[in-house]
Amino acid sequence: MTGVWIVLAALTVALAFGGYRALTDGRARAVGASTSGDDTPRLDAAQLGAPLGSRATFVQFSSSVCAPCRATHTLLAELTGERPSVAHIDLDAERRLDLVAQFGITRTPTVLLLDGSGAVRHRIVGAARRADVLDALDSVAGAQAA
């Protein structure tokens, strides 16, 4: 009888974790910007090895064996193709451990959305959702236009 309770407990934990991941994966979370702007994490073209977009830049951390990374790459490439002022930089997380450590990347895909000055404004962990990506992009690009 104890074995049944252990299996039920393990199943409950697994279902709870799966539900949590389904709710949170792919959502764009705003990165807390300070009022002074001094401690906002930033990236520049020299660190990334590619030019930033004038309005926004998606920095995607991927790995070669990650299926959601390919889907996210396709989505972001499509969005940046529609908007010339937005750039997409895809980094291999295994080759850029310096940035992985600096930004606390724990899984792939992770996408950082930078504004035109290179400040990190949003973070997306997991397979990106188009609607959430568009909302985050509009908030970053709209804030710069204002």
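How many salt bridges does the count come to? It comes to six. Keep in mind while reading that this is a predicted model.

## The overall fold

Let's start with the big picture. The protein has five helices and five strands, and reading along the sequence gives the pattern α-β-α-β-α-β-α-β-β-α. The C-alpha trace spans about 65 × 35 × 30 Å along its principal axes.

As for what is tucked away, the protein has 146 residues, and buried ones make up 37% of them.

## Helix 5 and its charged partners

Two of the salt bridges involve residues of helix 5, so take them together. In one of them, the side chains of R130 and E78 meet, with 2.8 Å from N to O. R130 sits in helix 5 (residues 130-145) and E78 in helix 3 (residues 67-82), so this pair links distant parts of the chain, 52 residues apart. Are these two side chains buried or exposed? Neither label quite fits: R130 counts as partly exposed because its relative accessibility is 35%, between the 20% and 50% cut-offs, and E78 is partly exposed too, at 39%.

Next comes D138, which forms a salt bridge with R83, the closest N and O atoms being 3.2 Å apart. D138 lies in helix 5 while R83 is in the loop between helix 3 and strand 3 (86-92), so the pair ties together parts that are 55 residues apart in sequence. D138 is partly exposed, with a relative accessible area of 42%, and R83 counts as partly exposed at 25%.

## A buried acid and a small network

Now for D115. This residue forms a salt bridge with R121, and the closest N and O atoms are 3.0 Å apart. Which side of the cut-off does D115 fall on, buried or exposed? D115 counts as buried because its relative accessibility is 8%, and buried means under 20%. Its partner R121 is partly exposed, with a relative accessible area of 24%.

Some bridges also share partners: E78, E82 and R130 are joined into one network that way. That puts R130 and E78, the helix 5 to helix 3 pair, inside the network along with E82.

## A greasy patch at the start of the chain

What makes up the nonpolar patch on the surface? Its members are M1, V4, W5 and L8, and together they have about 480 Å² of accessible area. M1 lies in the segment before helix 1 (2-24). M1 counts as exposed because its relative accessibility is 72%, and exposed means over 50%.

## The largest pocket

Rolling a probe the size of a water molecule over the atoms shows where empty space is left. In this model, the largest pocket has a volume of about 210 Å³. It is lined by 13 residues, and those closest to its centre are Y20, T24, R29, R107 and V125. Helix 1 and strand 5 (120-125) are the elements that give two or more residues to the lining.

What kinds of residue line the largest pocket, by class? Six are charged, four are polar and three are nonpolar.

How values were computed
Residues numbered from 1 in each chain as written. Predicted model: local features only at pLDDT ≥ 70, side-chain atom pairs only at ≥ 80, totals over all residues. Heavy atoms only, no water. Salt bridge = Lys/Arg side-chain N within 4 Å of Asp/Glu carboxyl O. Helix = DSSP H or I, 4+ residues; strand = E, 2+ residues; numbered from the N terminus. Buried < 20%, exposed > 50% of the residue type's maximum accessible area, 1.4 Å probe, protein only. Patch = residues over 30% accessible without salt bridge, like charges linked within 9 Å, V, L, I, M, F, W, Y side chains within 5 Å. Areas by Shrake-Rupley, 256 points an atom, 1.4 Å probe, with all protein chains shown as cover. 1 Å grid on protein atoms, 1.4 Å probe; cavity = no way out; pocket = protein on both sides within 12 Å on 5 of 7 lines; lining within 4 Å. Points joined across faces, edges and corners; volume = space filled by probe spheres on them. Nonpolar A, V, L, I, M, F, W, Y, C, P; charged D, E, K, R; others polar.
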